[in-house]
Amino acid sequence: MFAGFESRTIELPGRPGAHVYARIGGRGPALLLLHGHPQTHVMWHRVAGALAQRHTVIAMDLPGYGDSWRPAPDEQHLNHSKRHMAEAVDDAMQVLGHARYAVCAHDRGARVAHRLAVDRPQRVSRLMLLDIAPTLAMYEHTSDAFARAYWHWFFLIQPAPLPERLLGHDPVFYLRSVLGRRYAGLAAFDPLAMREYERCIALPGTIASICEDYRASATIDLEHDRADMAAGRRVEQPLRVLWGARGVVGANFDVLALWRERAREVDGRALDCGHYIAEELPQALLEEMQDFFQE
């Protein structure tokens, strides 16, 4: 996977011990790829090579995931807020010399990308978000069906150390349970990718960071979202949203309508797959990305 790509550990200026890991390949305008839970940058392996024919592709592990550093938990969950994570991601892009870049992001990474586009609009040229509705809307419009399908949203936010101790007992079992219960099951994932997901979720501090990521989404991230709405701040860049026609998000939320409330210029559609679009339906996603990110 990622043949011809360079591996980089990028130290973040002004943050002792903080670093993010990325695979970098190709030539052309910069395109940042951000993954979701409970995965790593490896989720992009089926599209990264083709994208690198037209772009400088940076597939990055989010803070708290993969081979990036694990921010320390704090009482207000600020260190795992999407604002803090977006700042780290953008700082890494500046270290790499990319003052402005496009972003495609999935799941948790898409929530980081949303915050990045709003907080640092001068950095992001175009934005594609995969299989999410806005965080605030998803919490405010939670239904019984959504809560049952996305049970981890409500389990992971329980006070420490309950979820950390339970999941830490067998993190690989948790990973396989989350991935396997979705539409396509475990068959959607390349065995090499699965081994990487399993390796990384078992690294020290990963489970704590996952819990803190979700706690932040249910607390400080909602404060930031409400402040945006009160001030009229929204995504100003061209935005394309894609979701799985056979997934939970599209079944429970009007994805396009909700993003039109939070962005100036939005298009998008459902694809015939479940949640893990880049691995279930890579060719269709690649065509969407090549169309949207052409410059």
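The chain exposes about 11,600 Å² of surface, and carbon and sulfur atoms supply 50% of that area. The structure shown is a predicted model. Its C-alpha atoms fill a box of roughly 45 × 40 × 40 Å, taken along the principal axes. A compact globule with 295 residues would have a radius of gyration near 19 Å, and the chain, at 17 Å, agrees with this. Within the chain, 59% of the 295 residues are buried. Of the contacts with a separation of 6 or more, 75% are between residues 24 or more positions apart. The chain has 15 helices and eight strands.

The description may begin with strand β2, which spans residues 19-25. Seven of its seven residues are buried. On one side of β2 stand His19, Tyr21, Arg23 and Gly25, and on the other Val20, Ala22 and Ile24; both faces are covered. Strand β1, residues 6-11, pairs with β2 in the antiparallel sense over six bridges. In this pairing, Glu6 stands opposite Ile24. Strand β2 also pairs with β4, again in the antiparallel sense, over four bridges. Here Gly25 of β2 stands opposite Val57 in β4.

Strand β5, residues 101-106, is also mostly covered, as six of its six residues are buried. Tyr101, Val103 and Ala105 lie on one side of β5, while Ala102, Cys104 and His106 lie on the other. Strand β5 pairs with strand β3, residues 30-34, in the parallel sense over four bridges. Leu34 has Ala105 in β5 as its bridge partner. Five bridges join β5 to strand β6, residues 124-130, and these two strands run parallel. Tyr101 of β5 stands opposite Val124 in β6. Between β5 and β6, the chain passes through helix α3, residues 107-119, and this β-α-β crossover is right-handed.

Which residues touch the most other members of the largest nonpolar core? Of the 100 residues in that core, they are Leu34, Trp44, Met60 and Val103. Leu34 gives a detailed view of these surroundings. When its neighbours within four places in sequence are left aside, Leu34 is in contact with Trp44, Met60 and Val103, among others. Its contacts also include Cys104, Ala105 and His106, residues that are buried in β5. Further contacts of Leu34 include Leu62, Val89, Gly109, Val112 and Ala113.

The loop between β3 and α1 contains Val47. Is Val47 buried or exposed? Its relative accessibility is 0%, so Val47 counts as buried. Val47 also illustrates how residues far apart in sequence can be brought together: Val47 and Gln283 are 236 residues apart along the chain, yet their C-alpha atoms are separated by 7.6 Å. Not counting residues up to four places away in sequence, Val47 touches Pro282 and Leu286.

Some details of the backbone also deserve attention. Most residues other than glycine have a negative phi, and most peptide bonds are trans. A cis peptide bond joins His37 and Pro38, with omega at about -5 degrees. Pro38 is found in the loop between β3 and α1, where Val47 also has its place. Another cis peptide bond joins Ala160 and Pro161, with omega at about 10 degrees. Pro161 has its place in the loop between α6 and α7.

Positive phi values also occur in residues other than glycine. His77 has a positive phi of about 65 degrees. This residue lies in the loop between β4 and α2. With a relative accessible area of 14%, His77 is buried, because residues under 20% are classed in this way. Asp107 has a positive phi near 55 degrees. Asp107 lies in helix α3, the helix through which the chain crosses from β5 to β6. Asp107 is buried as well, with a relative accessible area of 7%.

Technical notes
Residues are numbered from 1 along each chain as its sequence is written. This is a predicted model: local features need pLDDT of at least 70, side-chain atom pairs count only at pLDDT 80 or more; totals for chains, interfaces and linings use all residues. Side-chain values use heavy atoms; hydrogens and water are left out. Buried means under 20% relative accessible area, exposed over 50%, partly exposed in between (1.4 Å probe, protein chains only). Two strands pair if DSSP finds at least two bridges between them. A crossover is right-handed if, with the strands pointing away from the viewer, the path from the first strand over the helix to the second runs clockwise. A nonpolar core is a set of buried Ala, Val, Leu, Ile, Met, Phe, Trp, Tyr and Cys residues joined through side-chain atoms within 4.5 Å. Contact means heavy atoms within 4.5 Å. The radius of gyration is taken over C-alpha atoms; the globule rule is 2.2 Å times the number of residues to the power 0.38. Accessible areas come from the Shrake-Rupley method with a 1.4 Å probe; for residues, only the protein chains shown count as cover.
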